[in-house]
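Please walk me through this protein model. I would like to know how the strands are arranged and what surrounds some of the individual side chains.

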Amino acid sequence: MDTDLGADFGAGLSADDFKLAFRNHAAGVAVITADVGDGPVAMTATSVFSVSAEPPLLVFSISDMSSSTPTIEQAKTVVVHLLEAEQYPLAKLGATHGVDRFADTTQWTRLPTGEVVFPAAHAWIRGEIVQRTRAGQSILVTVHALEAKLPDPADAAAPLVYYNRQWHALTEQSRLG
């Protein structure tokens, strides 16, 4: 662990109030995959965001409660899949506990570098983990983007978002202004 933000901060907002505050904050949906040799793992995340274009860095968080956390803590690289609404089943698969997320071998493959990828994802980014920061009961993972499958700029796919504990498609009808 490079940095530790797990210190005792004292009294603060209750966990329930904190969750309620963020419940109405929409977030994009991604599936993160990793493999350190014991078999691949996948998890759905709504915490992915870009932090720098030069160098190309992104961040996501993983909960101590996730079954994927031990593998991602050991991994040198990950693949972050950015999903569109049509990939809702993939997001749901990554979020479902107790299932074999890789049972359907037609949904995934390995890159020449060995990482697991879901080719149907709207876009994906393969990157090297460059920092892990303990933050309470989670770990913030900073990733240096190395390569990507980019979406077609002409593709008007509706992004998949998570809002108020439900999945949604962000469409042209939702655009303001």
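**Strand pairing and side-chain surroundings**

Ser50 has Leu58, a residue of strand E6, as its bridge partner. The bridge belongs to the pairing of strand E5 (residues 49–53) with strand E6 (residues 56–63), which is antiparallel and has four bridges. Two residues lie between E5 and E6, and the two strands form a hairpin.

Before going further, note that the model is predicted. The mean pLDDT of the protein chain is 89, and 94% of the residues reach at least 70. Among the elements, the lowest mean pLDDT, 58, belongs to strand E1 (residues 3–4), and the highest, 97, to strand E7 (residues 77–82). Where pLDDT is low, the predicted coordinates should not be read in detail.

From the hairpin, the pairing continues through E6. E6 is joined to E11 by seven bridges, and these two strands run antiparallel. Within this pairing, Val59 has Thr142 of E11 as its bridge partner. E11 also pairs with E10, again in the antiparallel sense, over 11 bridges. Here Glu128 is placed opposite His144 of E11. E10 and E11 form a hairpin with two residues between them, and Gly136 in its turn has a positive phi of about 60°.

A second arrangement to follow is an open sheet of three strands, in the order E2-E12-E13, where the pairing is antiparallel. Strand E2 (27–28) and strand E13 (166–169) are at the edges; each has a single partner strand, so one side of each has no neighbour in the sheet. Helix H3 (residues 88–95) packs on this sheet, where it touches E12 and E13, and its direction makes about 160° with that of E13. E2 and strand E12 (residues 160–163) run antiparallel and are joined by two bridges. In one of the pairs, Gly28 has Val161 of E12 as its bridge partner.

The loop between strand E11 (138–149) and E12 contains Asp152. The side chain of Asp152 comes to 2.9 Å from the backbone nitrogen of Ala154. Asp152 and Phe18 are 134 residues apart along the chain, and their C-alpha atoms are separated by 37 Å.

Beyond E13, the segment that follows the strand holds Ser174. Ser174 has a relative accessible area of 37%, and is therefore partly exposed. A polar atom of the Ser174 side chain lies 2.5 Å from the backbone oxygen of Thr171.

What surrounds His81? This residue is part of strand E7. His81 counts as buried because its relative accessibility is 0%. Leaving aside neighbours within four places in sequence, the residues in contact with His81 are Val29, Ala30, Val31, Thr33, Val116, Val117, Phe118, Ala121, Ala123 and Trp124. With Phe118 there is also a polar approach: a polar atom of the His81 side chain lies 2.9 Å from the backbone nitrogen of Phe118.

Phe118 leads on to the aromatic rings. With ring centres within 6.5 Å taken as the criterion for a pair, there are four aromatic pairs. One of them is formed by Phe102 and Trp108, which are edge-to-face, at 5.4 Å centre to centre and with 85° between the planes. Phe102 has a relative accessible area of 9%, so this residue is buried. Trp108 is also buried, because its relative accessible area is 18%. The ring of Phe102 also pairs with that of Phe118: the centres are 5.8 Å apart and the planes are at 15°, so this pair is stacked. It links distant parts of the chain, since Phe102 is in the loop between H3 and strand E8 (109–110) and Phe118 is in the loop between strand E9 (116–117) and strand E10 (123–135), 16 residues apart. Both Phe102 and Phe118 are buried.

Elsewhere, Tyr88, Tyr162 and Trp167 are linked into a cluster by ring pairs.

How values were computed
Residues are numbered from 1 along each chain as its sequence is written. This is a predicted model: local features need pLDDT of at least 70, side-chain atom pairs count only at pLDDT 80 or more; totals for chains, interfaces and linings use all residues. Side-chain values use heavy atoms; hydrogens and water are left out. pLDDT is the predictor's confidence in each residue, from 0 to 100. Buried means under 20% relative accessible area, exposed over 50%, partly exposed in between (1.4 Å probe, protein chains only). A polar contact is a pair of N or O atoms within 3.5 Å; within protein, one must be able to donate a hydrogen and the other to accept it, and residues adjacent in sequence count only if both atoms are side-chain atoms. Contact means heavy atoms within 4.5 Å. Two strands pair if DSSP finds at least two bridges between them. Axes are lines fitted to C-alpha atoms, for helices over the stretch in contact, and angles run from 0 to 180 degrees between N-to-C directions. Rings of Phe, Tyr and Trp (its six-membered ring) pair if their centres lie within 6.5 Å; planes under 30 degrees apart count as stacked, over 60 as edge-to-face and the rest as tilted.
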